[in-house]
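I set out to record, entry by entry, what I looked up in this structure. The notes move from pairing to crossovers, core, cysteines and single residues.

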Amino acid sequence: MTEKCIDVSAHNCRVPINWPKVAASGIKGVVIRAGYGDSISQQDTCFKNNIAGAIAAGLKVAVYWFSYADSVADAQKEWSVCEQTIGNYKEQIKFVAFDYEYDSYNYYKEIHGTAPAQALINAMANTFLNA
């Protein structure tokens, strides 16, 4: 069975999301950005409102953490901050994803002057996901 889900973050909350309307439209779940980076100050500014609203509307919820990790140790720090952020909602969350994208890759290149090795990216993802 195919279910429609949406992805939301602070980029989508200039106007508050009407979660009952989202659920009524046939959307069954939402993947919510919990934050990014390795500091609690980088929690997504709309995370708490988004997850509370989605849960109240009866939607399935999952979260993702946008990574800027540049080492395995940094990926572990990111997990620790993510875990703090999602702690009150763990029972309702279906899964947590490690989001390593173009910005993550470009950040690494800017800091280190070279692209991250695929093995390093895999090691960071595995560290985060296995924590």
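**Entry 1: strand pairing.** I began with a bridge and found Val30 opposite Val61, which belongs to strand 3. The model is a predicted one. I then looked up how the two strands run: strand 2 and strand 3 are parallel, and seven bridges join them. Between these strands I followed the chain through helix 2, and the β-α-β crossover from strand 2 to strand 3 is right-handed.

I turned next to the other neighbour of strand 3. Strand 3 also pairs with strand 4, in the parallel sense, over five bridges. Here I noted Val63, whose bridge partner in strand 4 is Val96. The chain passes from strand 3 to strand 4 by way of helix 3, again as a β-α-β crossover that is right-handed.

I asked myself how many residues of strand 3 are buried. Six of its seven residues are, and I recorded the strand as mostly covered.

**Entry 2: the chain as a whole.** I counted the elements next. The protein chain has five helices and four strands, and their order along the sequence is β-α-β-α-β-α-β-α-α.

For overall dimensions, I noted that the C-alpha atoms fill a box of roughly 50 × 35 × 25 Å along the principal axes. I compared the radius of gyration with the value for a compact globule: for 131 residues that value is near 14 Å, and the chain has 15 Å, which agrees.

I also looked up burial and contacts. Buried residues account for 38% of the 131 residues in the protein chain. Of the contacts with a separation of 6 or more, 70% are between residues 24 or more positions apart.

**Entry 3: the nonpolar core.** I recalled a general point before this step: in soluble globular proteins, nonpolar side chains tend to be buried together. The largest nonpolar core here holds 30 residues, and the members that touch the most others are Ile32, Phe47, Ile51, Val63, Ile86 and Met124. Which elements give two or more residues to this core? I listed helix 1, strand 2, helix 2, strand 3 (60–66), helix 3 (72–86), strand 4 (93–99) and helix 5 (118–130).

I then took Met124 by itself. Not counting residues up to four places away in sequence, Met124 touches Ala69, Asp70, Ser71, Val72, Ala75, Phe98 and Tyr100.

**Entry 4: the cysteines.** I found one disulfide in the structure. The link is between Cys13 and Cys46, with an S to S distance of 1.7 Å. The link of Cys13 and Cys46 is right-handed, with 50° about the S-S bond. I located both ends: Cys13 is in the loop between strand 1 (5–8) and helix 1 (19–24), and Cys46 is in the loop between strand 2 (29–36) and helix 2 (47–56), so the pair ties together parts 33 residues apart in sequence. Cys46 counts as buried, at 10% relative accessibility.

Why does Cys5 form no bond with Cys82? The closest cysteine sulfur to that of Cys5 is the one in Cys82, and because they are 18 Å apart, this is too far for a bond. I noted Cys5 as partly exposed, with a relative accessible area of 47%. Cys82 is likewise in no disulfide, and the nearest cysteine sulfur to it, that of Cys46, is 17 Å away. Cys82 counts as buried, at 0% relative accessibility.

**Entry 5: two residues of helix 3.** I looked up Thr85 first, which lies in helix 3. Is Thr85 buried or exposed? Its relative accessibility is 5%, so Thr85 counts as buried. Apart from neighbours within four places in sequence, Thr85 is in contact with Ala34, Ile40, Gln43, Phe47 and Trp65.

Val72 is also placed in helix 3. Its relative accessibility is 35%, so I entered Val72 as partly exposed. Leaving aside neighbours within four places in sequence, Val72 is in contact with Leu120, Ala123, Met124 and Thr127. For one of these, Leu120, I recorded the separation from Val72: 48 residues in sequence, and 7.6 Å in space from C-alpha to C-alpha.

Methods: Residues are numbered from 1 along each chain as its sequence is written. This is a predicted model: local features need pLDDT of at least 70, side-chain atom pairs count only at pLDDT 80 or more; totals for chains, interfaces and linings use all residues. Side-chain values use heavy atoms; hydrogens and water are left out. A disulfide is a pair of cysteine sulfur atoms within 2.5 Å. Buried means under 20% relative accessible area, exposed over 50%, partly exposed in between (1.4 Å probe, protein chains only). A nonpolar core is a set of buried Ala, Val, Leu, Ile, Met, Phe, Trp, Tyr and Cys residues joined through side-chain atoms within 4.5 Å. Contact means heavy atoms within 4.5 Å. Two strands pair if DSSP finds at least two bridges between them. A crossover is right-handed if, with the strands pointing away from the viewer, the path from the first strand over the helix to the second runs clockwise. The radius of gyration is taken over C-alpha atoms; the globule rule is 2.2 Å times the number of residues to the power 0.38.
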